[in-house]
Amino acid sequence: MQPDEAAQRLLQEREGGPGGELAERMGIEFLELSAERSVARMPAEGNRQPVGFVHGGAYCVIAETLGSVSANIHAGPGRYAVGVDLNATHTRSITSGWVTAECTALHLGRSMTVHEIVCRDDEGRRASTIRITNFVKDR
């Protein structure tokens, strides 16, 4: 799926991709980007803790990346969004395949955004639920 017009503008302004260096290092692939809904995936391989499960912090990275990109798309030209709160609940372990994260806007305000991100395994089972709040500022 192609990013919407606002997302295209944001992506053209950024060097190295929408998610930055950490997202690239973790193998995150962006499938859909907009202020209202974004989707990305990352491989379990390379993002696991020593026990063999995807690291809880890896879920947080893909979630914060999607939520922040979505918030910055909403912020628009001359403004930017910064994360101020992240809350995660991990309910299932993923050991192989892909983690797919779907980010949905809960609130898109003038100065604040709230997004919920659900991470699922290849069978569509929920593994983690994350909420991010971003503060929108003028440049």
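Two residues are in contact when they have heavy atoms within 4.5 Å of each other. Keep that in mind for the opening stop of this tour, which runs through a predicted model.

**The whole chain**

Start with everything selected and colour by secondary structure. You should find three helices and six strands, and if you trace them along the sequence they come in the order α-α-β-β-α-β-β-β-β. Now for those contacts: among the ones between residues at least 6 apart in sequence, 63% join residues at least 24 apart. Switch on the surface and you are looking at about 7400 Å² of accessible area, with 47% of it belonging to carbon and sulfur atoms. Of the chain's 139 residues, 40% count as buried.

**Into the core**

Hide the surface again. In soluble globular proteins, nonpolar side chains tend to be buried together. Here, the largest nonpolar core has 26 residues, so select the ones that touch the most other members: Ile28, Met42, Val54, Tyr59, Ile117 and Cys119. Which elements give two or more residues to this core? They are strand 2 (37-43), helix 3 (56-75), strand 4 (98-108), strand 5 (112-120) and strand 6 (126-138). Helix 3 gives the largest share, eight residues.

Zoom in on Val54. Skipping residues up to four places away in sequence, Val54 touches Met42, Ala44, Asn47, Arg48, Gln49, Tyr59, Ile94 and Val99.

Next, click on Val61, which you'll find in helix 3. Is Val61 buried or exposed? Its relative accessible area is 18%, and the cut-off for buried is under 20%, so Val61 counts as buried. Leave out its neighbours within four places in sequence, and Val61 is in contact with Leu22, Met26 and Ile28. Try drawing a C-alpha to C-alpha distance from Val61 to Leu22: the two are 8.1 Å apart in space, though 39 residues apart in sequence.

**Charged partners**

Time to look at some charges. Side chains of opposite charge can pair when their charged atoms come close. How many salt bridges does a search of the whole structure find? The total is seven.

Select Glu102 and Arg37 to see one of them, with N and O 3.0 Å apart. Glu102 is in strand 4 and Arg37 is in strand 2, so this pair ties together parts that lie 65 residues apart in sequence. Glu102 is partly exposed, at 32% relative accessible area, and Arg37 is partly exposed too, at 32%. Add Glu32 to your selection: Glu32, Arg37 and Glu102 are linked in a network of salt bridges.

Now pick Arg79 and Asp138, another salt bridge, where the closest N and O atoms are 3.0 Å apart. Arg79 belongs to strand 3 (residues 79-90) and Asp138 to strand 6, so the pair links parts of the chain 59 residues apart. Arg79 is partly exposed at 22%, while Asp138 is exposed at 56%.

Then go to Arg125 and Asp121, whose closest N and O atoms are 2.7 Å apart in their salt bridge. Arg125 is partly exposed, with a relative accessible area of 38%, whereas Asp121 is buried, at 7%.

**Last stop: a charge over a ring**

Finish by showing Arg41 and Trp98 as sticks. What sits over the ring of Trp98? The charged end of Arg41 does, 3.5 Å from the ring's centre. If you go looking for aromatic pairs as well, the count is zero.

Conventions
Residues numbered from 1 in each chain as written. Predicted model: local features only at pLDDT ≥ 70, side-chain atom pairs only at ≥ 80, totals over all residues. Heavy atoms only, no water. Core = buried A, V, L, I, M, F, W, Y, C linked by side-chain atoms within 4.5 Å. Buried < 20%, exposed > 50% of the residue type's maximum accessible area, 1.4 Å probe, protein only. Helix = DSSP H or I, 4+ residues; strand = E, 2+ residues; numbered from the N terminus. Phe/Tyr/Trp six-rings, centres within 6.5 Å; stacked < 30°, edge-to-face > 60°. Lys NZ or Arg CZ within 6 Å of the ring centre and 35° of its normal. Salt bridge = Lys/Arg side-chain N within 4 Å of Asp/Glu carboxyl O. Areas by Shrake-Rupley, 256 points an atom, 1.4 Å probe, with all protein chains shown as cover.
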